[in-house]
Amino acid sequence: MKTATTCGTDLKVWRRGGHAKMLQLPTLFGHEASGEIVAIGEGVQGWQIGDRVVANNSAPCFYCFFCDRHAYSLCPNITWNNGTFAEYLKILAAIVQANLLAIPPNFPMN
């Protein structure tokens with residue numbers, strides 16, 4: 001991880017003691033961050049060690065009733081990305097496939 005930010009959802013989770021779907025305390029906070037790929041899992045294609053990336057905070061399943069209708073934010077099977085306030089973060093396959101974005105070389109990471 002290179003840069004992680006705190007957003008309104010993090011503040012709500014802290015104040016309320018959890019989030020019904022996203023996480024339960026105690027846990028590492030953060031779901032908005034940039035970083036550099038240091039390892040690649042089996043089956044991952046299109047990415048290399050050293051790539052600078054942003055992993056969006058979630059990914060839909062693409063198979064349910066709502067995803068079939070392109071209403072991805074209503075997907076009951078959303079995969080969440082949490083723990084960006086750590087030194088390293090394993091990005092789940094669904095997020096790698098749907099919501100991992102490259103950071104242009106001339107764009108700062110902080």
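Is Tyr72 buried, exposed or partly exposed? Tyr72 counts as partly exposed, at 32% relative accessibility. I'll come back to that ring. One caution before we go on: this is a predicted model.

Let's start with the overall picture. The chain has 110 residues, and 33% of them count as buried. A compact globule with 110 residues would have a radius of gyration near 13 Å. This chain has 15 Å, which agrees. Along the principal axes, the C-alpha trace spans about 35 × 35 × 25 Å.

Now the secondary structure. We have three helices and eight strands. Reading along the sequence, the pattern is β-α-β-β-β-β-β-α-β-α-β.

Next, the sheet. It is an open sheet of four strands, paired antiparallel. The order is β1-β4-β5-β8. Which strands sit at the edges? Those are β1 and β8, with β8 covering residues 100-102. Each of the two pairs on one side only.

Let me walk across, starting from β1. Strand β1 is residues 3-4, and β4 is residues 33-36. Two bridges pair them, in the antiparallel sense. Take Ala4: its bridge partner in β4 is Ala33.

Step on to β5, residues 52-55. Three bridges join β4 to β5, and the strands run antiparallel. Gly35 has Val53 as its bridge partner in β5. Ser34 stands opposite Val54, also in β5.

One more step takes us to β8. Again the strands run antiparallel, and three bridges join β5 to β8. Here the bridge partner of Val53 is Ala102. So keep an eye on Val53: its bridge partners are Gly35 in β4 and Ala102 in β8.

Stay on β5 for a moment. In a regular strand the side chains alternate between the two faces of the sheet. How do the side chains of β5 point? They alternate. Val53 and Ala55 point to one face, and both are buried. Arg52 and Val54 point to the other face and are not buried.

On to the pocket. What is the volume of the largest one? About 620 Å³. It is lined by 29 residues. Nearest its centre lie Ile37, Val38, Ala39, Leu89 and Ile91.

Where does the lining come from? Three elements each supply at least two residues: β4, β5 and α3, which is 93-99. The largest share is four residues, from β4. So two of the sheet strands we just crossed, β4 and β5, also help line this pocket.

What about the chemistry of that lining? By class, 18 residues are nonpolar, six are polar and five are charged.

Now the aromatics. How many aromatic pairs does a search of the whole structure find? Two.

In one of them, Phe62 pairs with Tyr72, the ring from my opening. The geometry is edge-to-face: 5.3 Å centre to centre, with 65 degrees between the planes. Why does this pair tie separate parts together? Phe62 lies in the loop between β6 (58-59) and α2 (65-68), while Tyr72 lies in the loop between α2 and β7 (79-80). The pair therefore links parts that are 10 residues apart in sequence. As for exposure, Phe62 is partly exposed, with a relative accessible area of 40%. Tyr72, at 32%, is partly exposed too.

Then there is Phe65 with Phe66. Their ring centres are 5.1 Å apart and their planes stand at 90 degrees, so this pair is edge-to-face. Anything over 60 degrees counts as edge-to-face. Phe65 is partly exposed, with a relative accessible area of 49%. The cut-off for exposed is over 50%, so Phe65 stays in the partly exposed class. Phe66 is also partly exposed, at 30%.

Last stop: Thr84. This residue lies in the loop between β7 and α3. Is Thr84 buried or exposed? Buried, with a relative accessible area of 2%. The cut-off for buried is under 20%. Thr84 also makes a long-range contact in terms of sequence: His31 is 53 residues away along the chain, yet the two are 5.5 Å apart in space, C-alpha to C-alpha.

To recap: a four-stranded open sheet in the order β1-β4-β5-β8, a largest pocket of about 620 Å³, and two aromatic pairs. And again, the model is predicted.

Conventions
Residues are numbered from 1 along each chain as its sequence is written. This is a predicted model: local features need pLDDT of at least 70, side-chain atom pairs count only at pLDDT 80 or more; totals for chains, interfaces and linings use all residues. Side-chain values use heavy atoms; hydrogens and water are left out. Two strands pair if DSSP finds at least two bridges between them. On a 1 Å grid over the protein atoms alone, a cavity is a set of points where a 1.4 Å probe fits but cannot get out, and a pocket is an open set with protein on both sides within 12 Å along at least five of seven lines; lining residues have an atom within 4 Å of a point. Grid points are joined across faces, edges and corners, and a volume is the space filled by probe spheres set on the points. Ala, Val, Leu, Ile, Met, Phe, Trp, Tyr, Cys and Pro count as nonpolar, Asp, Glu, Lys and Arg as charged, and the others, Gly among them, as polar. Rings of Phe, Tyr and Trp (its six-membered ring) pair if their centres lie within 6.5 Å; planes under 30 degrees apart count as stacked, over 60 as edge-to-face and the rest as tilted. Buried means under 20% relative accessible area, exposed over 50%, partly exposed in between (1.4 Å probe, protein chains only). The radius of gyration is taken over C-alpha atoms; the globule rule is 2.2 Å times the number of residues to the power 0.38.
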